[in-house]
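User: Please take a close look at one part of this structure, the place where the two chains meet. I would also like to see how the surroundings of that part are built.

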Protein chains: 2
Amino acid sequence: MNTLLDRVDLPLDQMPKRWYNGIPALPTAPEPYIDSTTDAPVTLDYVERLWTKAMAAQEFSLDRWISIPQPVLDAYAMWRPTPLIRAVAMERYLDTPAQIWFKYEATSPSGSHKLNSALAQAYYAKREGHSRLVTDTGAGQWGSALALACQMFGLDLSVFMVRASYHQKPYRRYLMETYGAQVHPSPGVTTEYGRGVLADNPDHPGSEATAVSESLETVRADPAARMSVGAFSNHCLLHQTIIGLELREQLAMIDRYPDYLVASVGCGSNMAGLSTPFMEDKLNGSETTFLAVEPEACAPLTYGEYRFDYADAAGSGPGVCTYTLGHEFVPPPIHAGGLRYHGCAPLIGQMRHQGILDSVAYPQTQVFDAGVTFARLHGFLPAPETCHAIKGVIDLALQCKEQKRDATIVFNYSGHGLLDLEAYGRYNAGELRDVEVESFDEREAQVVG
Amino acid sequence: MNTLLDRVDLPLDQMPKRWYNGIPALPTAPEPYIDSTTDAPVTLDYVERLWTKAMAAQEFSLDRWISIPQPVLDAYAMWRPTPLIRAVAMERYLDTPAQIWFKYEATSPSGSHKLNSALAQAYYAKREGHSRLVTDTGAGQWGSALALACQMFGLDLSVFMVRASYHQKPYRRYLMETYGAQVHPSPGVTTEYGRGVLADNPDHPGSEATAVSESLETVRADPAARMSVGAFSNHCLLHQTIIGLELREQLAMIDRYPDYLVASVGCGSNMAGLSTPFMEDKLNGSETTFLAVEPEACAPLTYGEYRFDYADAAGSGPGVCTYTLGHEFVPPPIHAGGLRYHGCAPLIGQMRHQGILDSVAYPQTQVFDAGVTFARLHGFLPAPETCHAIKGVIDLALQCKEQKRDATIVFNYSGHGLLDLEAYGRYNAGELRDVEVESFDEREAQVVG
């Protein structure tokens with residue numbers, strides 16, 4: 001047997017042709033979205049003006065299965081199906097009886113799982129005759145994916161990129177620009193909201209929430225534009241289920257079933273994509289643990305409350321019921337930019353609330369330590385977001401060692417860290433520090449890395 | 001049919017188990033290497049002290065086939081066999097009747113084809129009981145590959161990185177350091193040669209040749225160390241033949257044969273790896289064109305002479321017969337750092353000299369233009385080195401259009417450009433300029449980007 005790895009490849013002609021919608025499988029119906037301007041449940045008109053008609057329909061669909069359009073399947077073939085790889089070297093290093101498998105999503109041209117939804121959203125926007133999409137991006141994984149998707153389907157794209165990432169990660173910006181997108185730092189000067197935030201604090205690091213507010217304002221000012229989101233919404237999580245669906249096929253090929261499904265959670269798209277195709281089994285008695293791994297500095301599932309809150313910092317977007325740290329919370333600028341969000345997707349919040357999903361949080365130095373260990377054993381350099389999942393997996397595998405349990409642990413390798421090497425450089429130089437979670441109100445004094 | 005791409009995957013159990021040695025197939029025996037200290041042909045002792053015994057044996061082997069050790073095959077399985085992808089979108093964009101295929105080597109953990117040889121060299125060094133390897137790297141593709149390979153097989157590694165790249169591409173350095181390597185800028189202060197060069201010119205940008213000189217000096221000072229090279233030597237080119245061997249299998253699966261085999265050439269490892277497995281066919285009458293693409297600013301095959309010259313800038317390493325611009329030539333700091341070498345591998349030089357290999361050279365702005373076009377059509381961001389091959393392919397495909405010829409063009413997608421985004425950023429901003437080839441002696445005045 002190979003001492004480093006094993007892998008299970010799904011042939012292209014067996015790639016799933018439908019997405020799986022987890023909503024109808026939930027024990028209770030989701031709470032409605034609230035229109036912040038009326039405090040009433042949102043109307044279909046509201047959502048169709050915000051997103052595309054197709055996205056609005058998918059958002060509230062109760063169909064179990066939704067067909068993937070052929071042009072999107074064609075584009076998926078650029079890199080899908082993704083391999084399922086067994087981290088044998090990691091198992092040996094940890095001396096664990098558990099099997100550690102990962103779904104390797106980093107092989108996508110844009111570098112992460114985000115492209116699964118970006119291609120779908122760009123396709124539908126083009127089909128409905130829109131000329132432009134507007135979006136927010138944290139670390140830039142989503143922005144890169146949508147920039148490529150818009151280029152492939154012939155749409156303009158404006159990206160509001162969290163200011164801390166815009167400056168820390170210029171490579172991500174260059175990549176989006178190479179794909180043809182226009183990139184603005186958020187908060188920035190192109191929106192009234194952004195100008196207001198900067199007037200109060202010219203050094204505001206931004207967050208996913210400020211970028212969402214600026215995107216909303218921009219879309220509302222341009223009738224030909226629609227908003228596109230890389231997480232949060234049901235439709236976006238739906239598109240990611242191709243991950244879990246492929247995984248089911250691959251595990252069936254080797255006659256295994258997951259005891260643990262592990263993913264990092266910023267908003268929840270990679271966790272939902274990995275796990276919802278296994279949710280009905282779980283509700284019917286399978287004992288799989290769904291484990292969300294969060295950054296200690298911004299951990300709504302672990303430290304937040306389950307309640308209504310706004311999706312964006314300005315409180316001008318829809319309100320949803322989910323786990324949140326409060327929409328005015330500005331996460332410290334940790335290096336896992338994609339996890340800097342005050343809340344999480346309503347579907348993920350509901351799964352946590354109903355006991356389907358567990359969570360754990362780690363400080364970033366431990367997370368990078370896990371990432372470097374993985375890179376040295378397996379070569380692939382994980383994104384800081386993905387390092388969170390790896391840290392969670394290491395602790396589970398060590399638990400299995402104590403329990404002498406040969407569990408099957410599967411994590412989603414959501415993206416590569418090649419554009420995050422600045423952060424690795426700082427970690428290697430011993431310059432990374434952890435944020436004191438107790439004192440968020442002294443944030444400015446604690447800005448890290 | 002998919003309008004974007006087609007792909008041919010070789011199953012893991014059909015991955016070649018042997019490398020192909022092109023030397024015995026050449027019409028004439030290669031010229032001997034010359035020991036610069038004696039002006040006589042090198043002895044086996046000389047080569048075994050420089051490299052490992054296994055490398056010395058492979059360097060002069062006349063066996064057609066050489067078995068790949070099982071631990072190297074196991075490591076290859078991390079990402080091999082690599083896919084053969086048809087660039088349908090590119091064909092449509094160029095409106096050419098030609099088929100454009102590429103062997104996608106960028107999926108390797110270190111990001112390029114270089115890992116094919118790095119793993120073999122690290123394995124043999126460990127087996128022979130050495131504790132340390134020393135190497136030179138230009139753009140950092142080779143250094144990253146060897147850093148990972150040394151980490152996996154338990155060896156220390158010192159990397160001399162061309163100073164221009166060390167500063168322009170810190171991400172590459174961080175990656176090597178994450179894998180556990182020690183990285184020095186070349187010219188640098190750890191060697192006598194480096195200190196001498198810096199004394200003459202503190203701003204010397206370095207070159208592959210200065211890095212080779214420093215590596216040689218370092219290896220000669222440490223009996224436990226051996227040198228490892230990422231191109232140039234026959235053994236290194238041998239390890240890359242896994243590319244062309246897989247390609248043969250994949251083309252056979254779709255019943256095609258290449259009319260053109262295209263690769264960028266810095267020293268020649270990716271060109272040799274792609275093409276030598278087709279060389280016997282060519283010598284027996286197949287009409288495949290082997291096309292080497294060089295940067296206009298440093299094009300030994302296109303503008304150099306075929307003669308004896310030294311491998312390194314100091315003239316202290318072995319001398320070989322090959323195409324060269326002279327070992328004292330300092331290539332301008334173009335962004336394709338991996339192509340900044342005054343000469344080329346002796347095997348490649350001989351292939352060119354004997355009419356087996358053709359070459360063409362392009363200025364870097366045209367090369368980046370080709371790379372951006374490819375990225376927008378296919379998503380994958382090519383390394384600047386790979387962009388050279390793409391530019392060559394575009395021109396061939398347009399030629400085929402004029403000739404109404406449905407030729408099969410295959411190029412080696414040698415590596416990704418994700419750690420070269422600084423260069424793309426400059427290209428996007430209109431800041432890249434081409435070097436005036438006429439006036440190399442005024443190099444300092446023309447330093448680009």
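Analyst: What follows goes through the interface, then one loop residue, then one helix. The model is predicted.

The interface comes first. Chain B gives 41 residues to the contact and chain A gives 41 residues. About 3700 Å² is buried between chain B and chain A, and carbon and sulfur atoms account for 61% of that area. On the side of chain B, Tyr171(B), Thr178(B) and Arg376(B) supply 20% of the area that chain B buries against chain A, more than any other three residues. Several helices of chain B each give two or more residues to this side: H3 (70-76), H6 (141-153), H8 (170-178), H17 (364-378) and H19 (421-428). Sorted by class, the side of chain B that touches chain A holds 24 nonpolar, 12 polar and five charged residues.

What kinds of polar link cross the interface? Between chain B and chain A there are 10 residue pairs in polar contact, counting pairs with both residues at pLDDT 80 or more. The count of salt bridges between the two chains is zero.

Next is a residue in a loop of chain B. Ser112(B) sits in the loop between strand E5 (99-104) and helix H5 (115-127) of chain B. Is Ser112(B) buried or exposed? Its relative accessible area is 2%, so Ser112(B) is buried, the cut-off for buried being under 20%. The side chain of Ser112(B) has polar partners. One is the side chain of Gln141(B), in a polar contact at 3.4 Å. In addition, a polar atom of the Ser112(B) side chain lies 3.1 Å from the backbone nitrogen of Lys114(B). With neighbours within four places in sequence left aside, Ser112(B) is in contact with Glu105(B), Gln141(B), Ser414(B) and Gly415(B).

The last part is helix H9 of chain B, which spans residues 192-200. Its buried residues are Gly194(B), Val197(B) and Leu198(B). Seen down the axis of H9(B), these buried residues fall within an arc of 95°, so they line one face of the helix. The general reason is that an α-helix has 3.6 residues a turn, so residues three or four places apart point the same way. What do the buried residues of H9(B) pack against? They pack against helix H7 (163-168) and helix H10 (208-220) of chain B. The face of H9(B) turned away from the buried side carries the exposed residues Glu192(B), Ala199(B) and Asp200(B).

Terms used: Residues are numbered from 1 along each chain as its sequence is written. Chains are lettered from A and ligands numbered from 1 in the order in which they are written. This is a predicted model: local features need pLDDT of at least 70, side-chain atom pairs count only at pLDDT 80 or more; totals for chains, interfaces and linings use all residues. Side-chain values use heavy atoms; hydrogens and water are left out. Buried means under 20% relative accessible area, exposed over 50%, partly exposed in between (1.4 Å probe, protein chains only). Helices (H or I, at least four residues) and strands (E, at least two) are DSSP runs, numbered from the N terminus. The arc is that of the directions from the helix axis to the C-beta atoms. Contact means heavy atoms within 4.5 Å. Buried area is the accessible area (1.4 Å probe) that two parts lose on being put together, summed over both. A salt bridge is a side-chain nitrogen of Lys or Arg within 4 Å of a carboxyl oxygen of Asp or Glu. A polar contact is a pair of N or O atoms within 3.5 Å; within protein, one must be able to donate a hydrogen and the other to accept it, and residues adjacent in sequence count only if both atoms are side-chain atoms. Ala, Val, Leu, Ile, Met, Phe, Trp, Tyr, Cys and Pro count as nonpolar, Asp, Glu, Lys and Arg as charged, and the others, Gly among them, as polar.
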